[in-house]
Amino acid sequence: MPLYESVPDQRMLLHDVADRLNTVADHLPLPDQIHPDPALSEILDDEVRHLARLLGFLAGESAFRHRAAARYPARTTATARRTTLALAGAAEPTGLALAALGAAVHHLGHLADLSHQAPSPARGRATAAAHQQLMDCMAAVRTHLARAAKHLRAAADTRTAPAATSMPSPPSAAPTTSRSR
């Protein structure tokens, strides 16, 4: 009996998490919509919370699966191992996206502070630089989220032999090769 859910369920899990990461990216404003106003701070607040929950899920699910595989190695399938690795692998770009959102919050706060300073050429340059940094952070968030989602989808769509397990197979007379589509 496999330790985890069925192969289709594991694929659905990976696609679901990828969809959730894409949803966070979809809720972020596009570059021409990035303005230092309270609406952007509300969006950042919401998406930081969503992304933090997703990162927590990735870390928790990876840890749970790692413990289960260590306790029941004979019941762990190749698909389950691939799913665990995909979830763990998506944590890095998701964490980078969360860090980029944190930097965006910083730059938005800096822009808000600059708006209360007296107009001057220095303020104009500082405002333009902070706005560009904010846009760069938002682009980085989207890039990291797209990378994490792509990684999860690729792992979900990888095909392996349906009955592969971690138990050693008896030696065969000839090596076998696998074909991928």
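So, Asp16: at 35% relative accessibility, this residue counts as partly exposed. And keep in mind as we go that we're looking at a predicted model. The partner to look at here is Arg20, because the two side chains meet in a salt bridge, with N to O at 3.6 Å. Arg20 comes out at 34% relative accessibility, so that one counts as partly exposed too. Both residues sit in helix α1, which runs over residues 7-27, and they're four residues apart, about one turn of the helix.

Okay, how many salt bridges does the structure hold? Four. I'll take you through two others, both in helix α2.

Helix α2 covers residues 38-71, and if you go to Asp45 and Arg49 you'll find them four residues apart, so about one helical turn separates them. Their side chains meet in a salt bridge at 3.0 Å, N to O. Asp45 has a relative accessible area of 32%, so it's partly exposed.

Now slide along to Glu61 and Arg65. Again we're in helix α2, again four residues apart, about one turn. The closest N and O atoms of this salt bridge are 2.9 Å apart. Are these two buried or exposed? Glu61 has a relative accessible area of 18%, and the cut-off for buried is under 20%, so Glu61 counts as buried. Arg65 is at 1%, so that one is buried as well. As a general reminder, side chains of opposite charge can pair when their charged atoms come close.

Stay on Arg65 for a second, because it takes us to another helix: Arg65 is among the contacts of Thr83. Where is Thr83? In helix α3, residues 78-114. With a relative accessible area of 3%, Thr83 is buried.

So what else does Thr83 touch, if we leave aside neighbours within four places in sequence? Besides Arg65, you get Gln10, Leu13 and Leu14. Pick out Leu13 on the screen: in sequence it's 70 residues away from Thr83, and in space the two are 8.7 Å apart, C-alpha to C-alpha.

To pull it together, then. On helix α1 we have Asp16 with Arg20, and on helix α2 we have Glu61 with Arg65, plus Asp45 with Arg49. Then there's Thr83 over in helix α3, in contact with Arg65 and with Leu13, among others. If you want one spot to zoom in on afterwards, I'd go for Arg65, the buried one at 1%, which pairs with Glu61 and is in contact with Thr83.

Terms used
Residues numbered from 1 in each chain as written. Predicted model: local features only at pLDDT ≥ 70, side-chain atom pairs only at ≥ 80, totals over all residues. Heavy atoms only, no water. Buried < 20%, exposed > 50% of the residue type's maximum accessible area, 1.4 Å probe, protein only. Contact = heavy atoms within 4.5 Å.
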